[in-house]
Amino acid sequence: MANDTLARPACAADDWTVPQEWDRYGADEHAMWDRLFERQARLLPGRVAPAFIDGLDVLRLSKPGIPDFAELNARLMDATGWQVVAVPGLVPDDVFFDHLANRRFVAGRFIRKPDQIDYLEEPDIFHDVFGHVPLLANPVFADYMAAYGRGGQRAAGLGAIERLARLYWYTVEFGLMRGPEGLQIYGAGIVSSFSETLFALDDPSPNRIGFDLKRLMRTNYRIDDFQQSYFVIDSFEDLLRQTIETDFAPLYAELHGTPDLAVDAIEPDDRIYHRGTQHYARSRPSQTGNPHHEP
Ligand code: HBI
Ligand code: FE
C-alpha cells in the first residue's frame with residue numbers, strides 16, 4: 001500500500017493523531033456501532049478464537065455505543081500497555097510502524113453510514129476497534145503487533161515493506177487459527193465482516209493453508225474482495241516465536257527475485273487444510289479501480 005504519498009491533514013498532529021472527540025458522535029452513529037456489534041456478537045461465538053471474546057470482556061466493549069478511547073485505553077494499558085489513538089484515515093507506512101512499535105494502535109474515528117454497512121473504502125472505527133483491538137488485550141498477540149511495528153521499521157530500510165505487508169494481511173487482517181474443534185478466525189478483516197466471517201470458515205471456495213512464513217511472503221493478496229487463500233496458525237505463541245526472534249533480512253534476500261505466488265496458488269509443500277474450489281472468485285467480475293474490501 002503506497003502510503004508515502006499521503007498528505008498530513010491540517011487537523012492532525014505531527015504523529016498524524018487527532019482527538020477522538022467522542023462527545024461529537026450522534027445517536028445515529030452510536031446506533032450504527034450497536035447494530036454492527038450485535039450482528040457480529042451473535043455470529044462469532046464458536047467461530048472466533050476465544051482470545052477475541054476474552055478481549056471483548058476485558059475491555060468491556062460489549063457496552064452499548066461507540067467506545068470512548070479514554071475509557072478503553074485505561075483498561076487496554078492495564079492489560080498490555082497498548083492504547084488506541086485516533087487518526088484521520090490511512091497514515092504513511094513509517095508513521096504506522098512507529099505507532100505499532102510504541103504500542104499505539106491507529107484507528108479511524110468515523111463510522112460507516114447505513115448504505116455502507118457491507119463495505120466501504122477505508123477501515124472505519126468498527127473495523128479498527130471491534131476488529132483489531134480486542135486481541136491487543138492478549139499479551140502474546142500484543143507482543144506480536146509491537147514486534148510487527150519494529151519489523152516494519154526495519155523492512156522500510158530494506159525496501160521490503162510489501163513483503164511484510166503480506167504477513168500483516170494474512171495474519172492480523174485475515175488470519176485463521178487451528179482450534180480444538182476445527183478452524184477459528186482471528187483476523188480483524190474477517191471478524192469485523194458479517195459475510196466474510198461465514199465465507200472464511202464455511203465456504204468451499206477459498207484455500208486454507210498452514211502458515212509458512214517464507215511461502216506467505218511470496219503470496220499476493222486481494223484488497224478488493226474476499227481472500228482466495230487463508231493461512232492457518234497453530235497458536236499466537238507459535239506465530240510470535242516464528243517472527244519475533246527472526247531477522248527477516250536474510251529471508252528478504254533469499255526471496256529477492258523469486259516470483260510471487262498467485263492469490264489462489266497451491267504449492268507442493270503446502271499443509272492443505274482445504275483445497276478451495278475458487279467458485280466464488282470465478283463468479284465475480286474482476287474488481288478494478290478503488291481497492292475496497294469488506295471491512
Ligand atoms: N494506516 N490508518 C492506517 N491503518 C492501517 O491499517 C494501515 C495504515 N498505513 C499502512 C498500513 N496499514 C499497511 O500498509 C502497512 O502494513 C504497510
Ligand atoms: Fe485493519
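Is Arg112 buried or exposed? With a relative accessibility of 2%, Arg112 falls under the 20% cut-off, so it counts as buried. Keep in mind as you read on that this is a predicted model.

**Arg112 and its contacts**

So where does this arginine sit? Arg112 is found in the loop that runs between strand S2 (104–108) and helix H5 (125–132). Its side chain has two partners worth looking up on screen. The side chains of Arg112 and Asp124 meet in a polar contact of 2.8 Å. The side chain of Arg112 also gets to the backbone oxygen of Ile117, at 3.4 Å.

Glu121 belongs to that loop between S2 and H5 as well. Glu121 has 45% relative accessibility, which puts it between the 20% and 50% cut-offs, so it is called partly exposed. Glu121 also brings in a distant piece of the chain: Asp224 is 103 residues away in sequence, yet the two C-alpha atoms are 9.5 Å apart in space.

Asp224, in turn, has an arginine partner. The side chains of Arg222 and Asp224 make a polar contact at 2.9 Å. Arg222 sits in the loop between helix H10 (213–217) and strand S6 (229–233). Its relative accessible area is 17%, and because that is under 20%, Arg222 counts as buried.

**Four arginines in loops**

Two further arginines are worth a look for their backbone. Arg60 is not a glycine, but it has a positive phi of about 50°. Arg103 is another non-glycine residue with a positive phi, near 60° in this case. Here they are next to the two arginines described above.

| Residue | Loop | Relative accessibility | Class |
|---|---|---|---|
| Arg60 | between helix H2 (50–58) and helix H3 (69–80) | 53% | exposed |
| Arg103 | between helix H4 (93–101) and S2 | 23% | partly exposed |
| Arg112 | between S2 and H5 | 2% | buried |
| Arg222 | between H10 and S6 | 17% | buried |

**The iron site**

Which residues hold the iron ion (ligand 2)? The protein donors are His127 and His132, each through NE2, and Glu173 through OE, and they lie 1.9 to 2.1 Å from the iron ion. Along the chain, the donors are spaced as H-x4-H-x40-E. Both His127 and His132 are buried.

**Helix packing**

Helix H5 has a packing partner in helix H1 (residues 27–43): their axes come within 11 Å and cross at roughly 40°. That angle makes H1 oblique to H5. The crossing of H1 past H5 is right-handed.

A second pair gives a contrasting picture. The axes of helix H6 (residues 139–158) and helix H11 (residues 236–244) come within 9 Å, with a crossing angle of roughly 25°. Because that is under 35 degrees, H6 counts as roughly parallel to H11. The crossing of H6 and H11 is left-handed.

**The strands**

Now for the sheets. Strand S1 (residues 83–87) and S2 run parallel and are joined by five bridges. If you want a reference point there, Val87 stands opposite Gly108 in S2. S1 is mostly covered, with four of its five residues buried.

Elsewhere, five strands build an open sheet with mixed pairing, in the order S4-S3-S6-S5-S7. The edges are S4 and strand S7 (272–274); each has a single partner strand, so one side of each lacks a neighbour in the sheet. From one strand to the next, the twist averages 35°.

How do strand S3 (residues 176–179) and strand S4 (residues 182–185) pair, parallel or antiparallel? They pair in the antiparallel sense, over four bridges. Two residues lie between S3 and S4, and the strands form a hairpin. Within this pairing, Arg178 is placed opposite Leu183 in S4.

S3 also pairs with S6, here in the parallel sense and over two bridges. Leu176 has Val232 in S6 as its bridge partner. That puts both senses of pairing on S3: antiparallel with S4 and parallel with S6.

Note on methods. Residues are numbered from 1 along each chain as its sequence is written. Chains are lettered from A and ligands numbered from 1 in the order in which they are written. This is a predicted model: local features need pLDDT of at least 70, side-chain atom pairs count only at pLDDT 80 or more; totals for chains, interfaces and linings use all residues. Side-chain values use heavy atoms; hydrogens and water are left out. Two strands pair if DSSP finds at least two bridges between them. Buried means under 20% relative accessible area, exposed over 50%, partly exposed in between (1.4 Å probe, protein chains only). A polar contact is a pair of N or O atoms within 3.5 Å; within protein, one must be able to donate a hydrogen and the other to accept it, and residues adjacent in sequence count only if both atoms are side-chain atoms. Donors are N, O and S atoms within 2.8 Å of the metal (3.2 Å for Na, K and Ca); water is not among the atoms, so sites may look incomplete. Axes are lines fitted to C-alpha atoms, for helices over the stretch in contact, and angles run from 0 to 180 degrees between N-to-C directions. Angles under 35 degrees count as roughly parallel, over 145 as roughly antiparallel, 65 to 115 as roughly perpendicular and the rest as oblique. A crossing is left-handed if the near helix is turned anticlockwise from the far one by less than a right angle, and right-handed if clockwise.
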